[in-house]
Amino acid sequence: MGSRATREAESKGEEVPEGRAASHKVLILGAGGVGKTTLCRQIADHHDELLDEADGDGGRGDGGSGGGANDAMAPRRASWFFDSNAVAALLRRNLVECVHALLAGADELGMPLSSDDAGRARVEHVRSLPADGWRPGNEDADVIAALWSDPCVQAVYARRGALSLSTSCGYLLDNAQRLASPTFEPTVEDAAHSSRPSTGIVERSFAVGGAGGAAAGSTIRLVDVGGRRNERKKWTHCFEDVGAVLYAASLTDYDQALEEAADVNRLKEDLDLFEEIAGSRWFSDVPVCVVLTKRDLLGDRLRVSPLSPKDGGYKGDSDAVGVPDAVEHFRSMFAERWERARGGRTGAGDHDFESCAIDATRLDDVRSVFEVLRARLGAGSAADGAKSTA
Ligand SMILES: Nc1nc2c(ncn2[C@@H]2O[C@H](COP(=O)(O)OP(=O)(O)O)[C@@H](O)[C@H]2O)c(=O)[nH]1
Ligand SMILES: [Mg+2]
């Protein structure tokens with residue numbers, strides 16, 4: 001991968017001093033389950049592709065996720081990027097966990113899961129499947145698929161707004177037969193739908209050559225943290241020398257309760273935490289970009305749980321809130337908090353409010369975040385280089 005910045009500098013007859021190579025630390029912060037690890041994995045595992053495409057098309061620079069022919073993401077084997085067997089095992093575990101969560105959800109809502117003996121037998125069958133170390137046989141896959149298409153189960157799933165089901169529940173169940181096949185090879189998209197609650201701090205480093213003007217040899221160190229309340233105590237350990245913060249929040253959080261505190265609304269938690277981060281002295285001179293995730297699920301969620309004036313002062317026509325209006329509504333809520341935390345300040349350290357709404361499971365959408373990152377890190381590359389190589 002060539003360094004565009006190096007080539008540009010060389011073509012202008014400039015020398016590229018070795019000392020300018022910078023290590024940019026990027027923190028991905030946000031509450032639990034919003035998509036931080038997914039975003040981190042997507043950027044770190046695919047930075048070569050993201051970089052090549054950004055450089056290859058003359059630098060799109062529009063930050064948009066686009067919709068052109070190049071954006072279509074064909075299913076690809078994930079085995080080039082990580083251990084396929086481990087991802088397959090994790091996805092199967094997630095699948096069984098989702099099925100069990102659906103059964104528990106039906107109990108919680110007092111809804112039936114079957115209307116006949118065959119249905120009852122299916123429920124008993126899946127109840128006995130172990131999440132840990134499940135080795136699916138063909139029968140298991142057929143039973144899960146039949147259970148999933150049962151109208152009783154679909155009725156429970158339709159009430160998912162009232163349950164805490166995994167975000168990827170629908171995807172995993174739609175793909176149950178493929179996941180359970182003995183020859184299953186996870187695709188990149190599959191891998192993005194796997195999940196494991198994060199604990200501790202995980203750092204991934206990769207070279208970004210000519211990131212928006214930074215010198216060759218620059219690296220990005222992506223730092224992913226656990227987002228649950230008890231995990232946040234560890235966050236301050238990684239607050240030093242930060243080049244940029246990506247703050248992730250989910251567009252589907254508005255009607256959900258926090259897992260660790262059932263009386264707290266997730267969106268409120270996302271907003272309060274964001275205001276805290278935006279106003280923190282650690283980040284007073286650091287660009288912060290809000291990444292609104294799960295855009296792909298928002299339309300479906302709005303049908304299940306329409307946005308109403310009670311949702312944080314929504315003032316639009318509550319009968320007809322589409323995805324773009326809803327995204328704009330949530331975006332403005334974060335912008336308001338940004339203003340509250342940073343408003344009124346002037347000086348070189350100030351940054352405008354910046355946000356993007358994405359489906360973090362799709363590389364095409366992740367590209368827009370990557371480009372914002374490159375632009376932001378590149379904007380102060382000379383100074384950053386001097387600072388972070390010290
Ligand atoms: N459909 C969809 N699922 C997502 C998106 N972002 C994350 N997820 C899923 O949400 C779940 C939690 O994501 P994860 O990255 O583990 O959240 P974290 O706790 O913030 O690290 C996983 O099942 C992901 O596959 C998204 O933009 N769209
Ligand atoms: Mg995580």
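These are my notebook entries on a predicted model of one protein chain.

**Entry 1, the whole chain.** I began with the overall composition and found that the secondary structure of the protein chain comes to 14 helices and eight strands. I then looked up burial, and of the 390 residues in the chain 50% are buried. For the surface I noted about 17900 Å² exposed by the protein chain, with carbon and sulfur atoms supplying 48% of that area. I also checked how contacts are spread along the sequence: among those between residues at least 6 apart, 77% join residues at least 24 apart.

**Entry 2, helices H4 and H5.** I turned next to the packing of helix H4, residues 117-127, against helix H5, residues 138-149, and read an angle of about 125° with the axes 10 Å apart. Since angles over 145 degrees would count as roughly antiparallel and 65 to 115 as roughly perpendicular, I recorded H4 and H5 as oblique to each other. The crossing in which H4 passes H5 is left-handed. On the H4 side the contact is made by Arg122, Val123, His125 and Val126, and on the H5 side by Glu139, Asp140, Val143, Ile144, Ala146 and Leu147. Sorting the residues of this contact by character, I have six nonpolar, one polar and three charged.

**Entry 3, helix H11.** In helix H11, which spans residues 295-304, I listed Leu298, Gly299, Arg301 and Leu302 as buried. I asked what covers these buried residues of H11, and helix H12 (323-342) is included in the answer. As a reminder to myself, an α-helix has 3.6 residues a turn, so residues three or four places apart point the same way.

**Entry 4, His193.** I located His193 in the loop between helix H9 (188-192) and strand E2 (201-207). Is His193 buried or exposed? Its relative accessible area is 9%, and because buried means under 20%, I entered His193 as buried. Not counting residues up to four places away in sequence, His193 touches Leu91, Asn94, Ser168, Tyr171, Leu172 and Thr361.

**Entry 5, Glu203.** I stayed with strand E2 for the last entry, since Glu203 lies in that strand. With a relative accessible area of 41%, Glu203 is partly exposed, as this value falls between the limits of 20% for buried and 50% for exposed. Leaving aside neighbours within four places in sequence, I found Glu203 in contact with Arg221, Leu222 and Val223. I also looked up the separation of the C-alpha atoms of Glu203 and Ala44, which is 9.8 Å, although these residues are 159 residues apart along the chain.

Conventions:
Residues numbered from 1 in each chain as written. Chains lettered and ligands numbered in written order. Predicted model: local features only at pLDDT ≥ 70, side-chain atom pairs only at ≥ 80, totals over all residues. Heavy atoms only, no water. Axes fitted to C-alpha atoms, helices over the stretch in contact; angles between N-to-C directions. Parallel < 35°, antiparallel > 145°, perpendicular 65-115°, else oblique. Left-handed = near helix turned anticlockwise from the far one by under 90°. Contact = heavy atoms within 4.5 Å. Nonpolar A, V, L, I, M, F, W, Y, C, P; charged D, E, K, R; others polar. Buried < 20%, exposed > 50% of the residue type's maximum accessible area, 1.4 Å probe, protein only. Areas by Shrake-Rupley, 256 points an atom, 1.4 Å probe, with all protein chains shown as cover.
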